[in-house]
Amino acid sequence: MKYGPDRKELWFRFLFSLAGLALMVFAIAYRGIGGMAWIEVLGLASVFFGGSAIWSGRKLFRRQDPE
């Protein structure tokens, strides 16, 4: 693929997203969900980290070229 991130950057994005999701789960387990703000934070963080993990994971595992 001529344009777009290389495999190293995709792996970084994938692992960073998984770490973000893990930290979010830890924060919820440690502090719990209290109030409407937590629901908003949970939703936005889930969309950002989850979407990034899915996007980079699909790019990593579907790529055919050996970069």
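1. The side chain of Ser56 reaches the backbone oxygen of Ser52, at a distance of 2.8 Å. Ser56 has its place in helix H2, and because its relative accessibility is 0%, Ser56 counts as buried. Leaving out residues up to four places away in sequence, Ser56 touches Leu10, Arg13 and Phe14. As with everything that follows, this detail should be read in the knowledge that the model is predicted.

2. The setting for that contact is a protein whose secondary structure comes to two helices and zero strands. Of the 67 residues in the protein, 22% are buried, and the protein exposes about 5,300 Å², of which carbon and sulfur atoms supply 70%. If one takes the contacts between residues at least 6 apart in sequence, 79% of them join residues at least 24 apart.

3. Does the length of helix H1 agree or disagree with what its residue count would suggest? With 25 residues at 1.5 Å a residue, H1 should span 36 Å, and its end C-alpha atoms are 36 Å apart, so the two values agree. Helix H1 is followed by Gly32, a residue whose phi is positive, near 80 degrees.

4. Helix H2, which takes in residues 36-62, can be examined in the same manner. Its 27 residues should span 39 Å at 1.5 Å a residue, and the end C-alpha atoms of H2 are 38 Å apart, which agrees with that expectation.

5. Which residues of the two helices are buried? In H1 they are Leu10, Phe14, Ser17, Gly20 and Met24, while in H2 they are Ala45, Phe49, Gly50, Ser52, Ala53, Ser56, Gly57 and Leu60. The buried residues of H2 pack against helix H1, which runs over residues 7-31, and what covers the buried residues of H1 includes H2.

6. Ser17 shows this packing from the side of helix H1, where Ser17 lies. Its relative accessible area is 1%, and Ser17 is therefore buried. Once its neighbours within four places in sequence are left aside, Ser17 is in contact with Phe49, Ser52 and Ala53, and those three are listed among the buried residues of H2. One of them, Ser52, is also the residue whose backbone oxygen is reached by the side chain of Ser56.

7. Gly57, in helix H2, counts as buried because its relative accessibility is 9%, where the cut-off for buried is under 20%. Gly57 and Phe14 are 43 residues apart in sequence, yet their C-alpha atoms are 6.2 Å apart in space. Phe14 is itself one of the buried residues of H1, and Phe14 is also among the residues that Ser56 touches.

8. A further point of contact involves Ile28, which is found in helix H1. Because its relative accessibility is 22%, Ile28 counts as partly exposed, the range for that class beginning where buried, under 20%, ends. Not counting residues up to four places away in sequence, Ile28 touches Ile33, Trp38 and Leu42. Ile28 and Leu42 are 14 residues apart in sequence, and from C-alpha to C-alpha they are 8.8 Å apart in space.

9. How many salt bridges does a search of the whole structure find? The search finds one, in which the side chains of Arg13 and Glu9 meet at 2.7 Å, N to O. Because Arg13 and Glu9 are four residues apart in helix H1, they are separated by about one helical turn. Arg13 counts as partly exposed, because its relative accessibility is 29%, and Glu9 is likewise partly exposed, with a relative accessible area of 33%. Arg13 is, in addition, one of the residues touched by Ser56.

10. On the surface, Trp11, Leu15, Leu18 and Phe61 form a nonpolar patch, and together they have about 420 Å² of accessible area. Helix H1 gives the most to this patch, with three residues. One member of the patch, Leu18, is found in helix H1 and counts as partly exposed because its relative accessibility is 37%.

How values were computed:
Residues numbered from 1 in each chain as written. Heavy atoms only, no water. Expected span 1.5 Å × (residues − 1). Buried < 20%, exposed > 50% of the residue type's maximum accessible area, 1.4 Å probe, protein only. Contact = heavy atoms within 4.5 Å. Patch = residues over 30% accessible without salt bridge, like charges linked within 9 Å, V, L, I, M, F, W, Y side chains within 5 Å. Areas by Shrake-Rupley, 256 points an atom, 1.4 Å probe, with all protein chains shown as cover. Salt bridge = Lys/Arg side-chain N within 4 Å of Asp/Glu carboxyl O. Polar contact = N/O pair within 3.5 Å; in protein donor to acceptor, adjacent residues only side chain to side chain.
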